[in-house]
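Trainee: Could you take me through a close look at a single helix and its surroundings? I'd like to see how one part sits in the rest.

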Amino acid sequence: MNGTNEMDLFGQTERGAAIDALHEATAIYTSEAIVEQLLDRIRWPLGARTLVDTSCGDGAFLGRALDRLLSQQAGITDTELLARVSGWEIHFFAADQARARLRQVLLEHGYPGDRAESISMAMIRCADFLTEGPTSGAFHAIVGNPPYLRFSHVPELLRMEYAGILPEHARADLLHSFLDRCAALLHPDGELAMVTADRWLFNDGAARLREVVGQRFGLAHVSRLDAASAFYRPKLRRANTPPRVHPVAVVLSRAQGALPIGREPIYPGENIGVPAPAGVTLGQVAAIQLAPWLGTPGVFLVNANTAARLPVAHLVPAVDSADIRDGLLMQPTRFAIVTRPGEEPHPEVIAHLKRERQSMCARGQRRVAQWLPPENVHDVDVSCPSLLVPRITRTLRPVLVPPGVLPINHNLRIVCTGAMSLTEIEAHLCSPESEAWLRQNAAPLESGFRALTARSLRSLPIKG
């Protein structure tokens with residue numbers, strides 16, 4: 001049965017199955033302490049301000065927001081209550097949990113059972129906010145913990161629906177989709193207070209999203225959260241294991257002092273909102289390059305046995321982070337095949353590439369000149385020594401790469417431009433100040449690792 005309205009043997013539609021899969025992949029719920037901290041940062045329930053949670057889960061944010069409203073504005077009518085607080089939830093079971101939570105809050109404030117039931121049912125709408133939610137209007141407060149899921153992992157049925165209505169800049173991740181829609185629905189005097197994954201703040205793929213959001217609002221607050229305590233009942237994780245996400249608490253508003261948001265990355269840390277220090281940055285005294293990626297091993301990146309059968313003129317020793325042992329670079333055991341556009345290589349190289357071409361990645365196979373790797377190697381100057389900094393690292397300590405050796409696989413390569421010697425640069429990278437900068441500015445990964453980019457490393461302050 002392929003139709004979206006047809007039922008399977010257990011009575012579930014294809015759409016229902018897609019929603020279940022989405023819920024299992026994204027339903028991590030926010031702890032009450034974090035909810036309270038975020039609500040403390042916005043002007044709720046001041047005056048007649050309105051509040052919505054666009055993906056409310058089991059109603060943690062709405063429950064605390066409703067309690068604050070009833071505590072501070074006793075005597076509010078049912079009609080006013082429904083106009084002030086609302087929630088959306090795509091999954092029926094979670095929506096029922098949210099309604100039960102709101103019903104309990106109403107009961108605790110003296111509402112009779114039937115009235116509490118009626119209000120809680122009307123306050124939560126079980127529907128997809130992205131496809132069925134409002135596209136105009138202005139909420140004074142948008143709160144919650146929206147889903148974080150790369151668009152390619154969204155169930156196909158839902159992904160096709162979203163692709164038809166979402167702008168290009170909001171399709172990389174469901175988090176992007178919700179942030180874009182919520183920013184568009186926020187009142188000019190409104191505030192968005194959410195727990196989000198940190199990656200939208202600095203990933204290159206979210207640059208346009210940041211720019212669009214920043215045209216409407218600034219960053220009034222951002223702080224890192226501990227995944228082990230920020231969430232409860234995470235889906236698809238073993239007991240006592242935090243979800244694999246690096247959460248931040250974010251508040252967007254037009255308040256005075258809010259940090260402008262643009263295409264440039266924002267790295268949550270102690271220095272957020274603090275102007276860059278006056279003086280020199282690493283990018284001003286050295287060239288920081290992203291080492292080329294050669295595609296599937298065995299094609300343009302070969303071992304010593306294969307290299308022995310190819311012309312030396314087409315080979316250069318190649319290294320990456322796998323060649324580092326105890327802080328030292330080992331003897332290279334792999335070689336990059338160097339070819340040039342408009343210059344057909346030696347017949348033995350052509351023969352090798354023809355034999356191995358079928359295993360080449362799609363990106364490499366799209367090159368017009370079939371003897372060129374996915375990324376250019378021929379224009380990388382290896383005549384001078386360089387420093388290699390792994391892109392995924394626990395420390396900024398670099399490794400010296402001698403002349404004639406090519407760093408590969410998107411590690412970071414630092415080359416002198418004359419303003420400082422390589423020795424001076426290496427000493428600065430190993431300093432406590434640089435290690436502190438790494439902790440504040442590089443995205444955290446699992447097991448204490450950090451993700452560096454060439455752009456961020458260029459902004460490293462240099463003493464002197």
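Mentor: One term before we start: contact here means heavy atoms within 4.5 Å. Keep in mind too that this is a predicted model.

Let's pick helix α8, which spans residues 156-163. Its buried residues are Leu157, Leu158 and Tyr162. They sit on the same side of α8, because the arc they cover around the axis is only 130°. Turn to the other side of α8 and you find Glu156 and Met160, both exposed.

So what lies over that buried side? The cover includes α1 (14-26), α7 (129-132) and α9. Helix α9, residues 174-185, has another job for your eye to follow: it lies across β5 and β6 (186-197), at about 160° to β6.

Those two strands take us into an open sheet of seven strands, with mixed pairing and the order β4-β3-β2-β5-β6-β9-β7. At its edges are β4 (124-126) and β7 (218-224), each pairing on one side only. From one strand to the next, the twist averages 15°. Look at β5 (residues 139-144) again: it pairs with β2 (residues 51-53) in the parallel sense, over three bridges. In one of these strand-to-strand matches, leucine 51 has alanine 141 of β5 as its bridge partner.

Now back to Tyr162 of α8. Together with Leu81, Tyr162 has the most contacts inside the largest nonpolar core, which has 86 residues. Leu81 touches, among others, Leu66, Ile76, Tyr111 and Met123. There is also a second, separate core of 26 residues, including Phe300 and Val380.

How values were computed
Residues numbered from 1 in each chain as written. Predicted model: local features only at pLDDT ≥ 70, side-chain atom pairs only at ≥ 80, totals over all residues. Heavy atoms only, no water. Core = buried A, V, L, I, M, F, W, Y, C linked by side-chain atoms within 4.5 Å. Buried < 20%, exposed > 50% of the residue type's maximum accessible area, 1.4 Å probe, protein only. Pairing = 2+ DSSP bridges. Helix = DSSP H or I, 4+ residues; strand = E, 2+ residues; numbered from the N terminus. Axes fitted to C-alpha atoms, helices over the stretch in contact; angles between N-to-C directions. Arc of directions from axis to C-beta. Lists of a residue's contacts leave out its neighbours within four places in sequence.
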